[in-house]
Amino acid sequence: MINRYMKNVLIFIVILIFLIKKSFSNNVHANLISLLEMNYPLEFTFEQKYNNDKTNGWMVIAGNGMARTEFAPPNNNLIVADGKWIMFYDPEIDRTTYIPLDKGIFKAFLKPKALVKDKIFQIKETKDNNKIIFTLNFNINNANQKINLYFDKISKNLLGWRLYENLNDFIEVKILNYKKFTTDNKKLLNEIFKLKESESNT
């Protein structure tokens, strides 16, 4: 079972995978892609808040559908995307869930022309004080949701995001420490973007 915290990170990863496909183009979409590519590859720690609950974690995104997210104890959940699959490991029940990127909601996101044509996915750009904000509205399976991505206006660094499930219900992620991630070490990449036997029970 994918909990609310994992769902927030999951949707963020899926949107990033979708955006880098560049299958359609408009000014706002191009601007967002440009900012994301300036940030890639990146590694950061984050704080995630929902109501009065907080959890911390670590994420690395290398592009090409590859990402890894680890949550701090006592959560300890793990999300890994290797370009073909997104894998969720829940240590509490010792279960790993594999979801292919070409099925269901992921397949929908990877076909952006259909998303735009059917008005399932729309992007808006605004500026507020020292931030650039991209609002992504999407409607999958008649569930209207939106996610805001926040960037620093000067440095262009990704600051965090906020996922709205409705007008008053949202999960917020703030990036705490940020640094560029090197992709030169191929062995390290292979280890990071896969689940080890010690991390999953398949």
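Q: What makes a stretch of the chain a helix or a strand, and how many of each are there?
A: Helices are DSSP runs of H or I with at least four residues, and strands are runs of E with at least two, both numbered from the N terminus. By that rule, the protein chain comes to five helices and 11 strands. The model is predicted: local features need pLDDT of at least 70 and side-chain atom pairs pLDDT 80 or more, while totals for chains, interfaces and linings use all residues. Residues are numbered from 1 along each chain as its sequence is written, and side-chain values use heavy atoms, leaving out hydrogens and water.

Q: Why is the pair Glu70 and Arg68 called a salt bridge?
A: A salt bridge requires a side-chain nitrogen of Lys or Arg within 4 Å of a carboxyl oxygen of Asp or Glu. The side chains of Glu70 and Arg68 meet at 2.8 Å, N to O, so the pair satisfies the definition. The structure holds four salt bridges.

Q: Why is Arg68 called buried or exposed?
A: Buried means under 20% relative accessible area, exposed over 50%, and partly exposed in between, with a 1.4 Å probe and protein chains only. Arg68 has 5% relative accessibility and therefore counts as buried. Its partner Glu70, at 32%, is partly exposed.

Q: How do you know that Lys127 forms a salt bridge with Glu125, and how accessible is each residue?
A: The closest N and O atoms of Lys127 and Glu125 are 3.4 Å apart, so the distance criterion is met. Lys127 counts as exposed because its relative accessibility is 54%, whereas Glu125, at 24%, is partly exposed.

Q: What does the salt bridge of Glu172 with Arg162 tie together?
A: The closest N and O atoms of Glu172 and Arg162 are 3.0 Å apart. Glu172 lies in strand S11 (residues 169–180) and Arg162 in strand S10 (residues 158–166), so the salt bridge ties together parts that are 10 residues apart in sequence. Arg162 counts as buried because its relative accessibility is 18%; Glu172, at 24%, is partly exposed.

Q: What makes five residues in the lining of the second largest pocket charged?
A: Asp, Glu, Lys and Arg count as charged. Glu47, Lys49, Lys131, Glu172 and Lys174 are among the residues that line this pocket, so they belong to that class. The lining also has four nonpolar residues and one polar residue.

Note on methods: On a 1 Å grid over the protein atoms alone, a cavity is a set of points where a 1.4 Å probe fits but cannot get out, and a pocket is an open set with protein on both sides within 12 Å along at least five of seven lines; lining residues have an atom within 4 Å of a point.
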